[in-house]
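Thanks for making time this morning; I would like to walk through one model with you, slowly enough that we agree on what each term means. Please have the viewer open while I talk.

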Protein chains: 2
Amino acid sequence: MINDLHRNNLDKTLQEEILNVSHKLADAAQLAILPIFRSDRLFMQNKDKSGFDPVTEADKAGEKVMRETLQRLRPEDGVLGEEFEPLKSKSGLTWVLDPIDGTRGFISGTPTWGVLIALSDTDGPILGIIDQPYIQERFVGGFGVAFYSGPHGSKQLATRSNISLAEATLLTTSPEVGDQKDFLGFRGVAERVNLVRYGMDCYAYALLAAGHIDLVIEAKLNAYDIQAPIAVIEAAGGCVTNWSGGTAHDGGQAVAAATSELLEQVLPLLSPYAD
Amino acid sequence: MINDLHRNNLDKTLQEEILNVSHKLADAAQLAILPIFRSDRLFMQNKDKSGFDPVTEADKAGEKVMRETLQRLRPEDGVLGEEFEPLKSKSGLTWVLDPIDGTRGFISGTPTWGVLIALSDTDGPILGIIDQPYIQERFVGGFGVAFYSGPHGSKQLATRSNISLAEATLLTTSPEVGDQKDFLGFRGVAERVNLVRYGMDCYAYALLAAGHIDLVIEAKLNAYDIQAPIAVIEAAGGCVTNWSGGTAHDGGQAVAAATSELLEQVLPLLSPYAD
């Protein structure tokens with residue numbers, strides 16, 4: 001489950017090409033989305049309750065430029081995105097895109113939404129980017145890379161090690177988590193950790209990959225919400241599964257942990273509430 | 001309550017001097033605190049449960065350099081800070097300092113903690129700074145100034161206008177808010193707004209001053225948690241009171257609103273739960 005890169009059989013040159021493309025996608029999304037973040041444009045359109053949805057506009061603009069970039073650079077690859085129809089893959093590879101993960105945070109001006117970009121083969125994500133355009137932070141994982149760049153420099157990503165459940169910091173976005181069952185599963189873990197924090201959207205996965213927190217628990221996810229975090233966290237030494245310990249590639253309930261030991265402590269608490 | 005600057009009778013030259021000092025305080029705190037944020041130093045010391053508290057170290061380092069700066073530049077002013085003994089004012093002015101507001105966020109690597117700097121006379125805060133060193137964002141209010149500078153430029157701060165309670169976005173840090181009474185007061189408002197978000201620490205007040213959200217409700221505050229936000233928000237056109245509509249200068253329960261109309265809608269919901 002951890003560093004599951006052996007199954008990736010792409011040659012080095014192709015890996016480098018794909019890594020370059022993934023950065024180009026993040027750059028393009030950033031250019032499309034950032035002018036709308038915290039702008040009067042967002043505000044005015046958000047006030048219009050008669051149908052114009054500003055976040056959909058930013059979402060669509062971000063996904064559109066990423067799809068155009070892929071059409072030009074990787075026309076054989078499939079695309080699964082939040083805003084437009086899926087595009088079937090001819091290469092065996094599919095890009096899984098969420099132009100703005102954390103739309104409520106985006107509307108509220110918080111700097112914790114992100115652009116999520118994953119590349120998947122038939123077994124799941126092999127490369128992921130979590131990009132926070134406002135802070136200018138990028139978290140990349142896959143093809144042997146686990147890398148962070150931000151306003152104060154760059155570093156290798158590595159999850160925290162040797163943390164017990166009682167010492168752990170746990171994040172989720174909303175205190176309701178999902179439905180009542182999701183909430184109960186989350187609470188069982190929350191009551192056993194040192195610190196619980198809320199509201200960070202996909203930024204929570206980035207903090208886990210960078211070794212600042214230890215657990216993220218979410219529910220009611222879509223594939224495009226979780227595939228990029230899976231790739232980044234696995235590349236950094238952590239693990240992500242659904243609440244039964246199976247694959248979380250398709251979304252639903254997910255738990256991300258800094259170590260497999262921590263995951264093993266948490267899964268028995270979550271599995272009674274698994275979908 | 002709003003833009004209550006008429007009671008400030010400091011002359012222009014003194015106002016400029018004090019504004020310069022407040023920026024120097026924020027710069028000094030930033031230099032002291034930022035190297036510890038997300039560092040191995042923080043992590044290693046945080047693991048040591050036998051007594052060494054890393055956040056206290058960062059807190060103390062930040063407050064110490066601010067006090068040293070004041071000793072040099074404004075030796076007659078008083079100081080009220082989180083970490084050291086109060087220093088009595090000889091000038092009638094007192095600096096109210098929280099070197100790290102949001103210590104739990106700081107430990108978790110989230111970029112939503114802040115350095116809070118206020119200057120108060122006997123009637124309360126007349127100048128405030130909310131500084132987020134990691135993102136390099138500074139929100140300043142007082143002496144006729146309501147100003148933001150950040151990584152993508154500068155602008156005047158102004159709270160949002162013409163927002164009804166049903167359209168409003170409400171933030172608080174922890175879903176528990178405080179004790180059971182605090183929680184019930186918060187829930188009464190939360191059930192009537194459009195969007196509720198969590199986890200932003202003092203950054204929530206900055207978002208309100210900048211016009212991105214409309215309400216912040218907190219409880220169990222200290223004076224140094226709220227005096228800088230009061231000055232910044234009032235300078236930007238918003239208002240901050242306790243849950244009975246009185247002064248929030250001394251901490252406790254606080255509600256910040258983008259407009260006085262919004263505050264008037266919210267206070268009847270909160271006042272039954274006022275301390």
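I will begin with conventions and confidence, then take the two sheets of chain B, and end with the contact between the chains.

This is a predicted model, in which local features need a pLDDT of at least 70 and side-chain atom pairs count only at pLDDT 80 or more, while totals for chains, interfaces and linings use all residues. Residues are numbered from 1 along each chain as its sequence is written, chains are lettered from A and ligands numbered from 1 in the order in which they are written, and side-chain values use heavy atoms, with hydrogens and water left out.

On confidence, the predictor gives the complex an ipTM of 0.92 and a pTM of 0.93. Chain A has a mean pLDDT (the predictor's confidence in each residue, from 0 to 100) of 92, and 92% of its residues reach 70 or more. Over residues 1-6 of chain A, however, the pLDDT is below 50, although this stretch has 18 contacts in the model beyond near neighbours in sequence, a contact being heavy atoms within 4.5 Å. Residues 44-48 of chain A also have a pLDDT below 50, with five contacts beyond near neighbours in sequence. Where pLDDT is low, the predicted coordinates should not be read in detail.

Now to the sheets, where helices (H or I, at least four residues) and strands (E, at least two) are DSSP runs numbered from the N terminus, and two strands pair if DSSP finds at least two bridges between them. In chain B, seven strands form an open sheet with mixed pairing, in the order β1-β2-β3-β4-β5-β6-β7. Its edges are β1 (78-81) and β7 (153-156) of chain B, each with a single partner strand, so one side of each is left without a neighbour in the sheet. Within this sheet, β4 (residues 124-132) and β5 (residues 137-142) of chain B run antiparallel and are joined by six bridges, with B:Gly128 standing opposite B:Gly141 in β5(B).

Two helices of chain B lie across strands of this sheet: α1 (residues 12-33) runs at about 35° to β4(B), whereas α7 (residues 223-235) runs at about 95° to β4(B). For these angles, axes are lines fitted to C-alpha atoms, for helices over the stretch in contact, and the values run from 0 to 180 degrees between N-to-C directions.

The other sheet I want to show is an open one of five strands in chain B, ordered β9-β8-β10-β12-β11, again with mixed pairing. Helix α7(B) packs on this sheet as well, touching β10 (215-222), β11 and β12 of chain B, and helix α8 (residues 260-270) of chain B lies across β10, β11 and β12 of chain B.

What, then, is the area buried between chain B and chain A? The value is about 3,300 Å², of which carbon and sulfur atoms give 60%; buried area here is the accessible area (1.4 Å probe) that two parts lose on being put together, summed over both. The contact takes 40 residues from chain B and 38 residues from chain A.

Between the chains there are four salt bridges, each a side-chain nitrogen of Lys or Arg within 4 Å of a carboxyl oxygen of Asp or Glu. Among them, A:Arg38 meets B:Glu137 at 2.9 Å, N to O, and A:Asp201 meets B:Arg197 at 2.9 Å, N to O. The latter pair crosses from the loop between β9 (195-198) and α6 (203-209) of chain A to strand β9 of chain B.
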